[in-house]
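Biologist: Could you walk me through this structure before I go back to the bench?

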Amino acid sequence: MLETIPPIFWYIIGAVITLIIPNGRFRATAMLLIPLAGIWQLLNIPHGDHIQIDFLDYTLTLFRVDKLSFVFGLIFNIAAFLSLLYAWHVRDPIQQVMTVLYAGAAIGAVFAGDLISLFIFWEATALTSVFLIWARGTEGAYHTGMRYLIIQVGSGVLLLAGTLLLVTQTGSIAFIDRGLVDLATLLIFIAFGIKCAFPLLHNWLQDAYPASTATGTVVLSAFTTKLAIYALARAYPGTEILVYIGCVMMIFPVFFAAIENNLRKVLAYSLNNQLGFMVVGIGIGTPLALNGTAAHAFAHILYKALLFMSMGAVLHRTGTTKASELGGLYRTMPLTMIFCVVGAASISAFPLFSGFISKSLIQSAAANEGYMVVWVIMLIASVGVLEHSGIKIPFFTFFGHDSGKRPKEAPWNMLLAMFLTSSLCIGLGIYPAPLYAILPFEVEYDPYTTTHVVTQFQVLLFALLAFCVLYRSGVYPVEIRAVNIDFDWIYRRGLRRIISSLSRGIDTAYSQVTAGLNGIVGSIIASSRRHFGPIGLFGSTTRVGSAVAWISALLLIALVTSYSGS
Amino acid sequence: MSLLSEHIPVLQVAVPLLSAPLCSLLRGVRLPWLLALAVSWFAFAISILLLIQVMDSGDISYHMGNWAPPFGIEYRVDVINAFVLLIISGISAVALPYARLSVAHEVDPRRHGQFYTAYLLCLTGLLGVTITGDAFNIFVFLEISSLSAYVLIAAGARQDRRALTAAYNYLVLGTVGATFFVIGVGLLYMVTGTLNIADLAERIRPLADNRAVQAGFAFIIIGMGLKLAMFPMHTWLPNAYTYAPSTVTVFLASTATKVSVYVVLRFLFTVFGPAYGFVGLTFEYIFLPLAILAMFIGSTAAIYQTNLKRLFAYSSVAQLGYIVLGIALGNIAGLTATVLHLFNHALMKGALFMALGCVALRIGAVSINGVRGLGREMPWTFAAIAGAGLSLIGVPSTVGFISKWYLILGALENSWWPVALLIVASSLLAVIYVWKIIEAAYFGVAPEGRGPVAEAPLEMLAPLWLMVVANFYFGIDADLTTSVAGKVAATFLGSGS
């Protein structure tokens, strides 16, 4: 009986109960039990539609368990546990409660069997997660949070519009694969696309995630975008346009990540790039590809959380994550360094780490279906991933130029959370069978074939080379420009020019577009404040005379209207 | 007993009316309040009985003094006005337990007798407008409720002298509206010779091309449009709500405009009907554009307000836009949304203004800067604002969502895509002005010089939370409200010719 209660209720009840417990280590520890209960429930519940309730004229399915929702539900619970453990030392009740509710809403959305309940949880993730951004408490975080909230709620609104349209057309609210066929499904597609950070719809991600607290970003990175991946995999598998959208997503963040100095922002770009792989998998839509998407989401949540955790620990101890202000931290934060390297190796898909066993599925699926260009793009993107996430992050933080900072090692709970996450990353990389067993489709697959491993090592070596070149040639914003190298001068300059001008070009174009848009938005806001503010025409008290003039004018219009009706 | 149950309709109005003069004789602060409380609860019980009776056995017609209509005054109760009666008396029944401390804090203690007298008269007027089946009687009760409402608003003068000008402005504009209404009724009377609403509907049918009927219609719609604060005739509303005592704002914001909407519905659908050419044109050329303007201009103005009562007053203008929009859609789903939103909006705004009253009790003025950091000191009050705010935005599992759902369905039924999009887009504006308060309360830093603030007393929190819980309860189990509203819409559109 207990196991058929939808997990969202566990989380809500859990949030209320933990609030009753006095603030302190007991409450923080008690919160850890909530996701554990969620995992226990998932392992015990049979597949099927469990809780159905009537709402208006429709039947809502709150708890649909099948293979796809099982994988995402499981990893969301695990991620919730790890983030809560990582944030164990936080004593702010708003952050605690909102973390629990946010995770609960995301899990609720995964198990929603119809579009109305999906919409409910979809909006709930937006309304709860924004508090994790605001928790930073700065003026900038407030504005960022507001922007984030508007975009997220806007996504929900589109989802609602699409749902309503679908209801009027088909009368059904089931959350199933309908394909991208008409306006209704297009609206829903865009709603998912916003949360999934499709190109041009992605800015909220890089805007919001680095703005959150050290612990908040870890929580944020796990749920919202992967929920969108789940929703796309559920409703739009095999929609070909997703392949091309995914390709753009894989490539364009690489340039931004390469020139970005704030390392948490680098991770946010790299998150976008990783989503690209999953989106491609959904677009291909074969069982192998969908398995790849699910597996990659599973692995990705873990290693991305691990990377954000290590950067969070650095932020916690030093107060910055700017590459130019860090360096040489391995001396005093050796454990954090090791965990960060594990995360970096996983995201770069080193064999024996989790990224390898999941990304391979998608790459093989692309090759099997004859998407050769896509396959090549994936290789290039993989180089980019290794370059910015695999090397840049650990190198500039823990090695590189010594910043002179000698912070303490991260707190024990952070270390424990990172240790558990690292173990999962390595464990899945060495022994992927348990993960493969719970994927949506039955597929025999062995990632450790000779060709595969060799190809991957070639890619990795090339990326390593690229990093060295960039680093030595001074493209990276570090001070060691005086060091000379033995490369051919023209080749060096050429490469450097191409890469810098490409990056700079994209950067300039991008900032001009944003500046232009900002200008337009800014002037709209200024003029609306002028007219609607407390001293404006619409926001202030008008005199009685002018009000009566309005009324007379309106009466005239009403008279004319009703006379012309006969 | 059977005699009593036969006279239930008249008791609904007569009891508050007769208690009002009694109340003015009572001294002190506790007795007038107790009387008003007892009367409100009694009226609430009566309205429940009426609704049950109407739902079970159809319309009730009560002949005042046994004079048969159309010569005598008839009280006529059907599902729609039984529902509105329930809203008015229900809000009053919840607002009065809350009122004692709030009124004691905000209103001159020597004037409590008069204050509650005016309150009871206002209640009488609103109930009377709703229950009567006579057009001129509507005007009389409308004036009773309006005149007492001006007094109630002016009672805020002890807190802020601007209440006097707000009341005065409302008086001038309200009188203009009432005059328009009575001119319209007069024109109809001129050509039909009757004031009874059912009779009026019969006799107007052959006179659809009569200029006097059309002019009468225009006067009535504009007159009542002013009373219901239809944009751009809303200018009296923000100040009136801002400077009135908190309890008065709670009561008026939840009931007064709703009653005006009811009168508009009654004339649009019972007396006239969508089949009349000029009614359809009014929907399309007056209601539709004004409703959409109200949604956006009201919400945008709300975003920039610094006084929170004023902020929610502008939000009311926007919400009334939704109500009018539902009428303009002219189909069952749209009309269902309108009727639903009468109830749902009363719940939201009742809760929000009650919460602001709690804040006012503790810190005086309710400005956005004043409430910074208050979320931690008054957790229950601000949790209530967050809950009711979610409902205002239209988040699922709240009543706001149910209203918007039907409204959008109505727009889609007409294939008015842009309108459906505008409805959802305007919800985003509500997110901004509600979450702006939440952010200030929970993350803002307390202004200098504000000492520790205590949570509001339980006596005020309990009614407040009753309203908040109702926002969620009727958002999840919407069977009762949607069945009533659906029935009303079907009756109006079915018998609308």
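Modeller: We can take the domains of one chain, then the contact between chains, then the other chain, keeping in mind that this is a predicted model.

Biologist: Okay, which domains does chain A have?

Modeller: The domain assignment splits chain A into domain 1, covering 1–233, and domain 2, covering 237–447, and the C-alpha centres of these two domains of chain A lie 22 Å apart.

Biologist: And how many residues from each go into their contact?

Modeller: Domain 1 of chain A gives 36 residues and domain 2 of chain A gives 41 residues. On the side of domain 1 that touches domain 2, helix H3 (67–86), helix H8 (203–208) and helix H9 (214–235) of chain A each supply at least two residues, and by class that side has 24 nonpolar, nine polar and three charged residues.

Biologist: Switching topic, what does each chain put into the contact between A and B?

Modeller: Chain B contributes 50 residues and chain A contributes 43 residues. Among the elements giving two or more residues to chain B's side are helix H7 (162–192), helix H12 (277–303) and helix H18 (417–443) of chain B, and that side of chain B divides into 33 nonpolar, 13 polar and four charged residues.

Biologist: What is chain B built from?

Modeller: Chain B has 20 helices and two strands. Its radius of gyration is 21 Å, close to the 23 Å that the globule rule gives for 497 residues, so chain B is as compact as a globular protein of that length.

Biologist: How much of chain B is buried?

Modeller: Buried residues make up 64% of the 497 residues in chain B.

Methods
Residues are numbered from 1 along each chain as its sequence is written. Chains are lettered from A and ligands numbered from 1 in the order in which they are written. This is a predicted model: local features need pLDDT of at least 70, side-chain atom pairs count only at pLDDT 80 or more; totals for chains, interfaces and linings use all residues. Domain bounds come from an automatic or database domain assignment. Two residues are in contact if their C-beta atoms, placed from the backbone, lie within 7 Å. Helices (H or I, at least four residues) and strands (E, at least two) are DSSP runs, numbered from the N terminus. Ala, Val, Leu, Ile, Met, Phe, Trp, Tyr, Cys and Pro count as nonpolar, Asp, Glu, Lys and Arg as charged, and the others, Gly among them, as polar. The radius of gyration is taken over C-alpha atoms; the globule rule is 2.2 Å times the number of residues to the power 0.38. A residue is buried if 20 or more other C-beta atoms lie within 10 Å of its own, exposed if 12 or fewer, and partly exposed in between; C-beta atoms are placed from the backbone.
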